Amino acid sequence: MNRHLFVVLVCSLLIIVGSLQGQSGSSAADAAALLAEEKWEAAAAAFTALADGDPKDGSAWFGLAQARHGAGDLKAALAAYDKAQEAGFAAGRVLFHRARALAAQGQAAAAVRQLEALADAGAKIAGAVSADADLAKLAGRDDYARALARLTPCSDPPYRQFDFWLGEWDVINQGTGAKGAINRITAVHGGCSLHEDYENGAFEGSSLNAYDQGSGKWYQTWMDNQGTVLRLSGGMVGGSMQLSSASDSSPVNRITWTPNDDGSVRQHWETSTDGGKTWNTAFDGLYVKRSQP
């Protein structure tokens, strides 16, 4: 058994044991133990007894499906997965393992449909899907690639709104014409965040930027070697990213990044000391892609 499948099986067992706790006493624990020991036929018999005793027990049906799956009886496993789903057991887990069984059976299109259903439900488990040996058989299919992209964390459009800032930039102060600052923006945490690394002579700072699906906002935390800490939030305004500090902070900081047609980016930093009634420019910078030496 490959390491990933073992991890998935252990996680499944934890759910099964938790669901069965208090039902049929030791027989439920014994069934889970047999499954953990990969004694497929004995585990199947134990879970069959549990399912016969309570046909609405989704965890028993799922345990039976896992035992049949482990034994290579894919047809029986799929039937038991169906029963587990009908009983309302952990829909996402059933879809994932049904996809594995269908892929192993050679039913590629049907397996992809299970993955699409997982994506429709909001699952972000591309890592587990990619690591599975059975699902790896789907590689090369366009529909699988699309499903995998949807299952990838931070792949939804809002997470890509700030990608125009990615790159290594020479920063020009449009107020003074001064050059020399360098800013490097990189994707980190699997593309879920942007990291900024700014340096201008002895001055340096960095920020972490990320979209929060719960609030629907972007957040930035900036820190530098002068002890400054800024916490900003906001989102897209027109075609620009605009982040501001809290309205009761003093001063209120508002920074707007605007992509230009020539590939450059304008960063306009404003401050307000009257709660946002009037604004003064603190920095007006032009980001130009840095030419490599």
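Here are legends for a few close-up views of this predicted model.

**View 1. His-69 and the residues around it.** Start in helix 4, which spans residues 58-70 and includes His-69. Its relative accessible area is just 10%, so His-69 counts as buried, the cut-off being under 20%. Look for Tyr-81 next: its side chain and that of His-69 are joined by a polar contact of 2.9 Å. Setting aside neighbours within four places in sequence, the residues touching His-69 include Leu-74, Ala-77, His-97 and Asp-134. Arg-100 and Ala-101 are also among its contacts.

**View 2. The two sides of helix 9.** Helix 9 covers residues 142-151, and its buried residues are Asp-143, Tyr-144, Ala-147, Leu-148 and Leu-151. They line one face of the helix, because they fall within an arc of 135 degrees when you look down its axis. A bit of helix geometry helps here: an α-helix has 3.6 residues a turn, so residues three or four places apart point the same way. The buried residues pack against helix 7 (108-120) and helix 8 (126-131). On the face turned away from the buried side, you'll find Asp-142 and Arg-146, both exposed.

**View 3. A hairpin made by strands 6 and 7.** Strand 6 (residues 229-237) and strand 7 (residues 240-244) run antiparallel, joined by five bridges. One pair to pick out is Gly-235 with its bridge partner Gln-242 in strand 7. Two residues sit between the strands of this hairpin, and Gly-238 in the turn has a positive phi of about 65 degrees.

**View 4. Strand 7 meets strand 8.** Strand 7 also pairs with strand 8 (residues 252-259), again antiparallel, over four bridges. Here Ser-244 stands opposite Arg-254 of strand 8.

How values were computed: Residues numbered from 1 in each chain as written. Predicted model: local features only at pLDDT ≥ 70, side-chain atom pairs only at ≥ 80, totals over all residues. Heavy atoms only, no water. Buried < 20%, exposed > 50% of the residue type's maximum accessible area, 1.4 Å probe, protein only. Polar contact = N/O pair within 3.5 Å; in protein donor to acceptor, adjacent residues only side chain to side chain. Contact = heavy atoms within 4.5 Å. Arc of directions from axis to C-beta. Pairing = 2+ DSSP bridges.
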